[in-house]
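Open the model in your viewer and keep the selection panel at hand. This tour goes stop by stop, saying what to select and what is there.

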Amino acid sequence: MSNISAKVINLADRRAKKENEARNAPIFSVITWLYCPKCKSLEYSELEMPNGRIHKQCGTMVEEEEVEIEVRAEYTISLRNSKLLDKLFEGTKIPGFLKPFAKKGTGMLESLQVAEQEFRRRLENIVDGSVTPYPDEWDENSLAMDLKTLEPLGLILTEARQPNLHFPEAES
Ligand SMILES: [Zn+2]
């Protein structure tokens, strides 16, 4: 192999490595928890509003708490939650006399699934595009944070998704 072609391969290698690193690089951002002291309601927003905001339903200025997040980690965990929900959903497709019970269960799974999808949509808003999740071997326990497992389903909540950590006074 000539020196020149070795160099070209080297450059291509380096570029591929760089691209790979960029794809797997953490993305830091924030989401904001909003608490209405009047309605005692909690919601989150991916939008930062330096001048504050009011609760549409009642006109009260909401209290805000910014939570630092790593978008790619949040996205990966949410995707894993969704996969788990799909599996649980399959498991609830039972016939006959258990139907009324199953209906209630699947309704809950469906709303949890919607919440995961919505959360990922907000993360995509933050990066203004699609988010590449971490590979399968990535371990969420490598994060320096208290993950909460929602029993008995096994869904994992990051600190950003535990509003009572940020507004202990809210009933949720
Ligand atoms: Zn309100």
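**Stop 1: a pair across two strands**

Select W33 and E65. W33 stands opposite E65, which belongs to strand 3. Keep in mind that this is a predicted model.

Now widen the selection to strand 1 and strand 3. Their pairing is antiparallel and runs over eight bridges. Strands of a sheet pair through backbone hydrogen bonds, either parallel or antiparallel.

**Stop 2: the hairpin**

Add strand 2. Strand 1 and strand 2 also pair in the antiparallel sense, over five bridges. Pick C36 and look for its bridge partner in strand 2, which is S41.

Then go to the turn. Strand 1 and strand 2 form a hairpin, with four residues between them. Click K40 in that turn: its phi is positive, about 55°.

**Stop 3: the three-stranded sheet**

Show the three strands together. In which order do the strands of this open sheet lie? The order is 2-1-3, with antiparallel pairing. Colour strand 2 (41-45) and strand 3 (63-70): these are the edge strands, and each pairs on one side only. Look along the sheet for its twist. On average, neighbouring strands are turned by 25° against each other, direction ignored.

**Stop 4: helix 2**

Select residues 71-91, which form helix 2. This helix lies across strand 1 and strand 3. Its angle to strand 3 is about 85°.

Check the helix length with a distance between its end C-alpha atoms. What span should 21 residues give at 1.5 Å a residue? The expected span is 30 Å, and the end C-alpha atoms are 30 Å apart, which agrees.

Next, colour the buried residues of helix 2. They include V71, R72, A73, E74 and Y75 at the start of the list, and also I77, S78, N81 and L85.

**Stop 5: the cores**

Select I31, I69, V71, Y75, F119, L123 and A160. These seven residues make up the largest nonpolar core. Helix 2 and helix 3 (99-127) each supply at least two of its residues.

Stay on A160. Leaving aside neighbours within four places in sequence, A160 is in contact with I31, V67, I69 and E74. Of these contacts, I31 and I69 are fellow members of the core.

Another core lies apart from this one. It has five residues, among them L34, Y35, C36 and V62.

**Stop 6: a loop residue**

Click I27. It sits in the loop between helix 1 (3-24) and strand 1 (28-36). Is I27 buried, partly exposed or exposed? I27 is partly exposed, with 16 other C-beta atoms within 10 Å.

Now show what I27 touches. Not counting residues up to four places away in sequence, I27 touches E70, V71, R72 and V127. Draw a line from I27 to R72, C-alpha to C-alpha. The two are 45 residues apart in sequence and 6.1 Å apart in space.

**Stop 7: zoom out**

Show the whole protein chain. It has four helices and five strands. From the N terminus on, the elements run α-β-β-β-α-α-β-β-α. The radius of gyration is 21 Å, well over the 16 Å that the globule rule gives for 172 residues, so the chain is more spread out than a compact globule.

Rotate to the principal axes. The C-alpha atoms fill a box of roughly 70 × 55 × 25 Å. Colour by burial: buried residues make up 14% of the 172 residues. Last, look at contacts with a separation of 6 or more. Residues 24 or more positions apart account for 61% of them.

Conventions:
Residues numbered from 1 in each chain as written. Predicted model: local features only at pLDDT ≥ 70, side-chain atom pairs only at ≥ 80, totals over all residues. Rg over C-alpha atoms; globule rule 2.2 N^0.38 Å. Buried ≥ 20, exposed ≤ 12 C-beta atoms within 10 Å, placed from the backbone. Contact = placed C-beta atoms within 7 Å. Expected span 1.5 Å × (residues − 1). Core = buried A, V, L, I, M, F, W, Y, C linked by C-beta atoms within 7 Å. Pairing = 2+ DSSP bridges. Axes fitted to C-alpha atoms, helices over the stretch in contact; angles between N-to-C directions.
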